[in-house]
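User: Please take one part of this model and examine it closely, from the overall setting down to individual residues. Explain the terms as they come up.

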Amino acid sequence: MTYQVKKNIMQLVSAIFVFGIYFWYVYQQYLERNVEGVELFRFWATAILILIPVTIVLRLIIEIIFIIINGIITKESAPSFSDEFDKIIDLKAMRVSHFIFILGFFVAMGSLLFDSTPSTMFIILLFSGFLSEAFSIVWKIFLYQRGV
Amino acid sequence: MAKCHISNTIRVLRFNHHEMTQQQLADLVGVTRQTIVAIENGKYSPSLELAFKISRVFNLGVEDIFSYTEEQEK
């Protein structure tokens, strides 16, 4: 298993871990507060905006821990740069990510047409963001294994 | 439908070139070792620029290292 594959598996696990815990926390808050009207939009906007820095910081910490542990176990140093092979895989994965997010966006907007609550729309948006990232990582792992 | 395939002789050339390691070749051409592994295993066709860099390391022409075959899928 190459370094890139191991790194992407770690990123997938950390994405599931971070999003899972954060979403569970936000959903509990949503149930407890019972917000309505403009406050509801403010609540979900805050939840989405906070998710971005929380994800970046936590995943950075997890990645540093991974580099240290992997270095100790395998004596393998992390590549210091991305070459053309990495970049072409990143681009292909980004295409998958955009497609899934746009699909999720349309589903979220469509849910409003079918009389769903705004909260449902925001939850679909949050999940489409998570799924787009998860699928992009899975696609990267697949491409590193199969080749391009 | 035609299926394109580019094969190469990098593994043999490395061996004949003072048993050069994948890492050494990667450092000489400016890519990661994993990319050399992918090229050798036929999982990645390098860019023209990288193909020229590899050919210069071995003092050969690009076509002496890389060969193109077109297979017809039934």
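Analyst: **From the overall fold to one helix**

Chain A has four helices and zero strands, where a helix is a DSSP run of H or I with at least four residues and a strand a run of E with at least two, both numbered from the N terminus. This is a predicted model, in which local features need pLDDT of at least 70 and side-chain atom pairs count only at pLDDT 80 or more, whereas totals for chains, interfaces and linings use all residues. Residues are numbered from 1 along each chain as its sequence is written, chains are lettered from A and ligands numbered from 1 in the order in which they are written, and side-chain values use heavy atoms, with hydrogens and water left out.

Read from the N terminus, the order of elements in chain A is α-α-α-α, and its C-alpha atoms fill a box of roughly 55 × 30 × 20 Å along the principal axes. Buried residues make up 36% of the 148 in chain A; here buried means under 20% relative accessible area, exposed over 50%, and partly exposed in between, with a 1.4 Å probe and protein chains only. Of the contacts in chain A between residues at least 6 apart in sequence, 81% link residues at least 24 apart, a contact being heavy atoms within 4.5 Å. The accessible surface of chain A is about 9,200 Å², with 73% of it belonging to carbon and sulfur atoms, by the Shrake-Rupley method with a 1.4 Å probe. UniProt, in an unreviewed entry, lists residues 9–27, 47–73, 93–114 and 120–143 of chain A as "transmembrane region"; such positions are given in the numbering used here, feature names are shortened, and annotations may be inferred rather than shown by experiment. Within that record, the span 93–114 of chain A is 95% helix and 0% strand in the model, its end C-alpha atoms being 32 Å apart, while residues 120–143 of chain A are 100% helix and 0% strand, with end C-alpha atoms 34 Å apart.

Two residues of helix α4 of chain A show contrasting surroundings. A:S136 is located in this helix, is buried at a relative accessible area of 10%, and, neighbours within four places in sequence aside, is in contact with A:A93 and A:S97. A:Q145 also belongs to α4 of chain A, which covers residues 118–146, but A:Q145 is partly exposed at 42%. Although A:Q145 and A:M1 are 144 residues apart along the chain, their C-alpha atoms are separated by 8.5 Å. Not counting residues up to four places away in sequence, A:Q145 touches A:V5 and, in the other chain named here, B:K43.

That contact leads to chain B and to the part chosen for the close look, helix α2 of chain B. An unreviewed UniProt entry lists residues 20–65 of chain B as "domain: HTH cro/C1-type", and in the model this span is 65% helix and 0% strand, with end C-alpha atoms 16 Å apart. Helix α2 of chain B spans residues 22–29, and its buried residues are B:Q22, B:L25, B:A26 and B:V29. Viewed down the axis of α2(B), these buried residues fall within an arc of 100 degrees, so they line one face of the helix, the arc being that of the directions from the helix axis to the C-beta atoms. An α-helix has 3.6 residues a turn, so residues three or four places apart point the same way.

On the other side of α2(B), B:D27 and B:L28 are exposed. The cover over the buried residues of α2(B) includes α1 (10–16), α3 (33–40) and α4 (48–57) of chain B. Of these, α3(B) is itself mostly covered, with six of its eight residues buried, namely B:Q34, B:T35, B:I36, B:A38, B:I39 and B:E40.

The backbone around these helices deserves a remark as well. B:G30, just after α2(B), takes a positive phi of about 80 degrees, and B:G42, just after α3(B), takes one of about 70 degrees. Most residues other than glycine have a negative phi. B:E19, a residue other than glycine, nevertheless has a positive phi near 50 degrees; B:E19 lies in the loop between α1 and α2 of chain B and is exposed at 54% relative accessible area. Chain A offers a further case in A:N34, with a positive phi near 55 degrees, placed in the loop between α1 (3–33) and α2 (38–74) of chain A and exposed at 57% relative accessibility.
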